[in-house]
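Subject: Structure handover and notes

Dear colleague,

I am passing the structure on to you with this email, and I would be grateful if you could keep it open while you read the notes underneath.

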Amino acid sequence: MKPNAPPDDHESGGDLNTHAARAGEIGTLASSLARARARLVDVAARPNAIREIGELLLKWGRDQEAARFLAGIADIAEHDAHLAFMLGWASFACGKYKDAERFAVLALSKDLGNPEHWLLCAEAAWAQGELAKAAEFLDRMLSSFPDNQNALMRLGQLHLSAGNFREAIAFCNKVIAIDASMSTPFATRARAHNLLGEHVEADASYQTAVALDVREISGGRNSFIGYGNFLRETGRSKAAVELFLKWLPERPSYAGSGDLALARLTAGQLGDA
């Protein structure tokens, strides 16, 4: 949904090629930002320059600055779907969810064919606790984009949050049928199976999710934490400890470290907690 941004350090690999590529991308963004800022002195070019600066700042993850810049041309968003979308995303990133929904709906009214507009509408509604409205946006989106994995995955997660575990599993299965290479649908499906008391199915899905995490380039997924807690909750605390000890050195996590301590406690390893 968000314009492509350079990955955070914890998401990018540790190899020199990855860091060199990121440095190159940041350098390109900085150069583009400097050129756009220089155009601000030209009154005629100022609106486009502000728009470009806002988009670059969003890509750079500087959401609050982007929101301040884009606010200067918010009055023309009525006629510009992409500007309305950027204003919506910037508002969302700053925690202003009502404004985010307002701009997202405006963007959608100008361009129904962009799936990102539908997704932002749903995310903004969800952030305000309006699950039914979020589901409606996603369902309507699927009528035009039936194989959109983001919409299917978010519906699975939404149904999980709402306690509709069978529906959550069904949507995860749809995502997996399209692309079985990502860990998120397997981890979400595992949680739903676990909450239904279907531990064999949950275990299998968690194992697949953890295995896929190893292959995901971003490295930002930590399915092992969910799996470790599942093992502890189902009476296999020693196995949970082993899992945490295997993965935490490679993927440090405050939450994972706390869960390791809890697993050690329940495993009777009090001196190591």
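The notes below take one helix and then a few single residues in turn.

Please bear in mind that this is a predicted model, in which local features need pLDDT of at least 70 and side-chain atom pairs count only at pLDDT 80 or more, while totals for chains, interfaces and linings use all residues. Residues are numbered from 1 along each chain as its sequence is written, and side-chain values use heavy atoms, with hydrogens and water left out.

I begin with helix 6, which covers residues 115-127 (helices are DSSP runs of H or I with at least four residues, numbered from the N terminus). Its 13 residues should span 18 Å at 1.5 Å a residue, and the end C-alpha atoms are indeed 18 Å apart, which agrees; the expected span here is 1.5 Å times one less than the number of residues. Ten of the 13 residues are buried, so helix 6 is largely enclosed by the rest of the structure (buried means under 20% relative accessible area, exposed over 50%, and partly exposed in between, with a 1.4 Å probe and protein chains only). Among these buried residues are W118, C121, E123 and W126, and the buried residues of the helix pack against helix 4, helix 5 (97-110), helix 7 (131-144) and helix 8 (149-161), where contact means heavy atoms within 4.5 Å.

At the N-terminal end of helix 6, N114 acts as a cap, with a side-chain oxygen 2.9 Å from the backbone nitrogen of E116. After the helix comes G129, whose phi is positive, near 80°.

Helix 4 (residues 81-93) contains S91, which is buried with a relative accessible area of 8%. The side chain of S91 reaches the backbone oxygen of L87 at 2.8 Å, and, when residues up to four places away in sequence are not counted, S91 touches K96, D99, A100 and F103.

Finally, helix 13 (residues 237-247) holds A239, and S237 also has its place in helix 13. S237 is buried, with a relative accessible area of 9%, whereas A239 is partly exposed, at 31%. Leaving aside neighbours within four places in sequence, S237 is in contact with L231, R232, A263, T266 and A267. A239 and G228 are eleven residues apart in sequence, and their C-alpha atoms are 7.8 Å apart in space.

With best wishes

Notes:
Helices (H or I, at least four residues) and strands (E, at least two) are DSSP runs, numbered from the N terminus. A polar contact is a pair of N or O atoms within 3.5 Å; within protein, one must be able to donate a hydrogen and the other to accept it, and residues adjacent in sequence count only if both atoms are side-chain atoms.
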